[in-house]
Amino acid sequence: LLVWLRLLWRLTHTPPAYPDSLSRTQQGLAHAGHWALYGLMIVIPLSGWLMSSAKGFQTVWWGIWPIPDLLSKDKELGHTLAELHEALSIGLLLLIAGHAAAALFHHFFHKDDTLRRMLPAR
């Protein structure tokens, strides 16, 4: 739910411009990285829901609302989806680490406003 609210905010509010010190390639990579973060934050919960369905476990949203299974029980498919879910999760963690490392690199080595532009009060 929160990622959808954040995505709505992102689509309706123009982000600050990239610093002039970023090349077009770096700007493209930053843009792609941000959309990859959003994509993974949507795809990972869906892959977990599919995995739970295939393994025969009911998915319960916030421990309160059971949501319907998307697939019938299939042990082999459940195992495959578990591996996919894990790989996507590791990818998200690596992307988050890379995002943080890039921001810190720009802040401490390039001494530009990349890190400061992320803060709400600029």
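Which residues form the largest nonpolar core? Select L37, L40, I44, L88 and L92, and you have the five residues of this core on screen. Keep in mind along the way that you are looking at a predicted model.

**Stop 1: the core**

Now colour the helices. The elements that give two or more residues to this core are α2 and α3. Of the two, α2 supplies the largest share, three residues. In general, nonpolar side chains in soluble globular proteins tend to be buried together.

Next, centre the view on L40. Leaving aside residues up to four places away in sequence, L40 touches P45, L88, G91, L92 and L95. Two of these contacts, L88 and L92, are also members of the core.

**Stop 2: the largest pocket**

Select Y18, H34, H99, R117 and M118. Among the 32 residues that line the largest pocket, these lie nearest its centre. The volume of this pocket is about 960 Å³. Three elements each give two or more residues to the lining: α1 (2-12), α2 (24-55) and α3 (75-110). The largest share is from α2, with ten residues. If you colour the lining by class, expect 18 nonpolar, ten polar and four charged residues.

**Stop 3: the second largest pocket**

Move on to the second largest pocket, which holds about 340 Å³ of space. Select L1, W4, P45, L46 and W61, the closest to its centre of the 13 residues in the lining. You have met P45 already, as one of the contacts of L40.

Which elements supply at least two residues each here? They are α1, α2 and β1 (59-61). Here α2 gives the most, with five residues. Colour by class again: the lining has twelve nonpolar residues, one polar residue and no charged ones.

**Stop 4: the tryptophans**

Stay with W61 and add W62 and W65 to the selection; together they form one aromatic cluster. A search of the whole structure finds five aromatic pairs. One to look at is W62 with W65: the ring centres are 6.3 Å apart and the planes meet at 40°, so this pair is tilted. A tilted pair is one whose planes are neither under 30 degrees apart nor over 60.

Finally, switch on the surface. Is W62 buried or exposed? W62 has 61% relative accessibility and so counts as exposed, because the cut-off for exposed is over 50%. Its partner W65 has a relative accessible area of 44% and is partly exposed.

Notes
Residues numbered from 1 in each chain as written. Predicted model: local features only at pLDDT ≥ 70, side-chain atom pairs only at ≥ 80, totals over all residues. Heavy atoms only, no water. 1 Å grid on protein atoms, 1.4 Å probe; cavity = no way out; pocket = protein on both sides within 12 Å on 5 of 7 lines; lining within 4 Å. Points joined across faces, edges and corners; volume = space filled by probe spheres on them. Helix = DSSP H or I, 4+ residues; strand = E, 2+ residues; numbered from the N terminus. Nonpolar A, V, L, I, M, F, W, Y, C, P; charged D, E, K, R; others polar. Phe/Tyr/Trp six-rings, centres within 6.5 Å; stacked < 30°, edge-to-face > 60°. Buried < 20%, exposed > 50% of the residue type's maximum accessible area, 1.4 Å probe, protein only. Core = buried A, V, L, I, M, F, W, Y, C linked by side-chain atoms within 4.5 Å. Contact = heavy atoms within 4.5 Å.
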